[in-house]
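Got the viewer open? Let's take a walk through this model, one selection at a time.

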Amino acid sequence: MFFFTGLRISEALELTFERLDAAQGAVLIRTLKRRTKTHFRAVPLPRAFLKELQAMSAGKTPEERLWPFSRRTGYRHIKKLMKNAGISGPHACPKGLRHGFGIACVQKNIPLPTVSKWMGHSSIATTAIYLNAMGDEERQFAKRIW
């Protein structure tokens, strides 16, 4: 979910089954960084992943959370999954997956305003940080001109 949507861990943990929009092929995420008003954003999901999420909803009410555990437990789950996948370092965490989403969007030439909307940034300047990719990501950019 993190890599497909670029959401924050708190946003993921408050998702309910009713926020899965099969008709649109998206998930509706309540942006938690905007404190002045409730703001939702629709982020597209791969159909196969959306079907997996809907399968999880069997026997659950629409208001039930997809992942009914605390932020700390969610963080530990992600860390463990990353370790099991052989991924280590500072980006082997939920925020690292969010960062990976931003970098992947930039590498695939998704327009910055779209990336900003999907990630729930209130300012495109925040999203523009992903244009300053370093390391492997920067090398991928350079390969485009070689």
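Select Arg8 to begin. At 16% relative accessibility, Arg8 counts as buried, where buried means under 20% relative accessible area, exposed means over 50%, and partly exposed is in between (1.4 Å probe, protein chains only). You'll find Arg8 in the loop between α1 (2-5) and α2. Helices here are DSSP runs of H or I with at least four residues, strands are runs of E with at least two, and both are numbered from the N terminus. Now show what surrounds Arg8: leaving aside neighbours within four places in sequence, Arg8 is in contact with Phe2, Thr31, Lys33, Arg41, Arg98, Met119, Gly120 and His121. Contact means heavy atoms within 4.5 Å.

A word on what you're looking at: this is a predicted model, in which local features need pLDDT of at least 70 and side-chain atom pairs count only at pLDDT 80 or more, while totals for chains, interfaces and linings use all residues. Residues are numbered from 1 along each chain as its sequence is written, and side-chain values use heavy atoms, with hydrogens and water left out.

Zoom out to the whole chain. There are 8 helices and 3 strands, in the order α-α-β-β-β-α-α-α-α-α-α along the sequence. The radius of gyration is 16 Å, close to the 15 Å that the globule rule gives for 146 residues, so the protein chain is as compact as a globular protein of that length. That radius is taken over C-alpha atoms, and the rule is 2.2 Å times the number of residues to the power 0.38. Draw a box along the principal axes and the C-alpha atoms fill roughly 55 × 35 × 30 Å. Buried residues make up 36% of the 146 residues. Of the contacts with a separation of 6 or more, 55% are between residues 24 or more positions apart.

Next, the inside. Which residues have the most contacts inside the largest nonpolar core? They are Met1 and Val27, in a core of 30 residues. A nonpolar core is a set of buried Ala, Val, Leu, Ile, Met, Phe, Trp, Tyr and Cys residues joined through side-chain atoms within 4.5 Å. Colour the elements that give two or more residues to this core: α2 (9-13), β2 (26-30), α3 (47-56), α4 (71-84), α5 (94-107) and α6 (112-119). The top contributor is α5, with 5 residues.

Stay there and pick Val27. Beyond four places in sequence, Val27 touches Met1, Thr5, Leu15, Arg19, Leu20, Arg41, Ala42, Val43 and Leu45.

Hop over to Leu50, in helix α3. Leu50 has 2% relative accessibility and counts as buried. Outside the four-place window, Leu50 touches Leu20, Asp21, Ala22, Gly25, Ala26 and Leu45. Try a distance label from Leu50 to Lys143: 93 residues apart along the chain, their C-alpha atoms are separated by 33 Å.

Now try Glu18, in the loop between α2 and β1 (20-21). Glu18 and Thr61 are 43 residues apart in sequence, with 8.4 Å from C-alpha to C-alpha. Past four places in sequence, Glu18 touches Pro62 and Glu63.

Last stop: Asn109, in the loop between α5 and α6. Buried or exposed? At 55% relative accessibility, Asn109 counts as exposed. Check the backbone too, since phi of Asn109 is near 60°, a positive value in a residue other than glycine. Most residues other than glycine have a negative phi.
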